[in-house]
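I opened this notebook to keep track of what I looked up in the structure, one topic at a time.

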Amino acid sequence: MVHRHTEKVETVDPEEFAKFNLVDTYNKAKDIYPTFTEGDEGRQRALDWAMLELKSLVQSGNDQTSSNGARVPADIYCVDIGCAHGQPVVQIFAEQGFEVTGVDISNGLLDQARRNLAYLPNAHFELADMRDWSPAPTRADGNVDCIFTFYVFGHLPLVDYEAMVAKMAGWLRPKTGILVLATVAQMHGWVTTRAATFPSTSLTIQENTALLERNGCEVVRAWEEEWSSKTMATEDSRTHQFICARRK
Ligand SMILES: C[S@@+](CC[C@H](N)C(=O)[O-])C[C@H]1O[C@@H](n2cnc3c(N)ncnc32)[C@H](O)[C@@H]1O
């Protein structure tokens with residue numbers, strides 16, 4: 001049985017939130033984290049949506065009469081913000097032949113990602129705080145096909161949300177670039193899970209939808225669903241929200 005918000009959540013002072021050492025927390029959790037979200041069906045549904053969209057981009061490019069319109073999988077560029085150990089997101093999309101960059105602040109998790117996915121030359125990893133990172137200039141100005149950010153925004157102080165969404169929306173290719181934003185639904189405070197204790201905060205699905213729409217994206221689908229770790233204790237259960245959007 002899945003319970004709603006059974007984790008221990010207490011309020012947290014915004015200054016403490018901003019000062020919290022996430023790098024250390026995720027580096028310490030690096031051995032436990034890879035199994036933590038296995039079997040996450042909501043994330044899989046969102047990934048399936050993105051995969052269909054990207055495959056149809058390749059297909060429609062090749063349907064155009066001009067040879068300039070043809071796109072091959074290697075032309076598709078994806079970014080995974082908060083990629084952790086690179087699985088499943090970077091792995092699935094790089095195995096499809098797309099170019100993928102995973103960004104994370106945890107060097108411990110990125111070491112695992114580089115080791116796990118060394119067989120994929122089109123999977124790249126960069127150590128950075130997402131607030132300071134942008135793709136290469138040739139990509140950043142409207143040449144990114146897909147951005148994923150699964151369960152990372154909860155680690156951002158709310159004051160940083162709008163700037164981060166505006167920045168990501170600006171990277172996306174107009175009309176076709178897509179973005180999947182997933183986060184824990186309505187959680188504010190210190191959270192204790194088997195993997196770590198950390199501050200977390202989130203907007204409602206309506207607030208996140210409005211945020212994306214006022215930053216030039218159209219929300220294509222949005223839903224919430226209950227999740228419980230299949231591999232760890234049942235107290236690690238919660239409601240997740242998923243928003244699939246496209247740049248206008
Ligand atoms: C809950 S995990 C989610 C990992 C992965 N996206 C998934 O779906 O399982 C959050 C990840 O975001 C990373 N992270 C947190 N804050 C970040 C920031 N400001 N910039 C880059 N990565 C960050 C953490 O190191 C961690 O790997």
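**Strands β7 and β8.** I began with strand β7 (residues 188-192) and strand β8 (residues 197-201), which run antiparallel and are joined by five bridges. This is a predicted model, and I read every entry here with that in mind. I then looked up the connection between the two strands, and found that a hairpin of four residues leads from β7 to β8. For one facing pair I noted Trp-190, which stands opposite Pro-199 in β8.

**Strands β2 and β3.** Next I turned to strand β2 (residues 77-81), which is joined to β3 by five bridges, and here the two strands run parallel. Cys-78 stands opposite Val-100 in β3. I also checked how far β3 is covered, and five of its six residues turned out to be buried.

**The nonpolar core.** Cys-78 came up again when I looked up the largest nonpolar core, which has 57 residues, since it is listed there with Val-90, Cys-146, Ile-147, Leu-179 and Val-180 as having the most contacts inside the core. The largest share of this core, six residues, comes from strand β6 (residues 178-184). I followed Cys-146 further and, leaving aside residues up to four places away in sequence, found that it touches Ala-50, Leu-54, Cys-78, Gly-177 and Ile-178.

**Helix α9.** Which residues of helix α9 (residues 205-213) are buried? I found Asn-208, Leu-211 and Leu-212. These lie on the same side of α9, because they cover an arc of only 95° around the axis. When I asked what covers these buried residues, I found that α8 (161-171), β6, β9 (217-228) and β10 (237-247) are included.

**Around the ligand.** I then listed the surroundings of the ligand, where 18 residues make up the set, and Gly-82, Ala-84, Ser-106, Met-130 and Phe-150 come nearest. Sorted by class, this shell has 11 nonpolar, four polar and three charged residues. I also looked up which elements contribute, and noted that α2 (22-28) and β3 (99-104) each supply at least two residues of the shell.

**The protein overall.** Last, I wrote down the totals, which give nine helices and 10 strands for the secondary structure of the protein. Of its 248 residues, 37% count as buried. For contacts between residues at least 6 apart in sequence, I noted that 70% join residues at least 24 apart.

Methods. Residues numbered from 1 in each chain as written. Predicted model: local features only at pLDDT ≥ 70, side-chain atom pairs only at ≥ 80, totals over all residues. Core = buried A, V, L, I, M, F, W, Y, C linked by C-beta atoms within 7 Å. Buried ≥ 20, exposed ≤ 12 C-beta atoms within 10 Å, placed from the backbone. Contact = placed C-beta atoms within 7 Å. Near = placed C-beta within 6 Å. Nonpolar A, V, L, I, M, F, W, Y, C, P; charged D, E, K, R; others polar. Pairing = 2+ DSSP bridges. Arc of directions from axis to C-beta.
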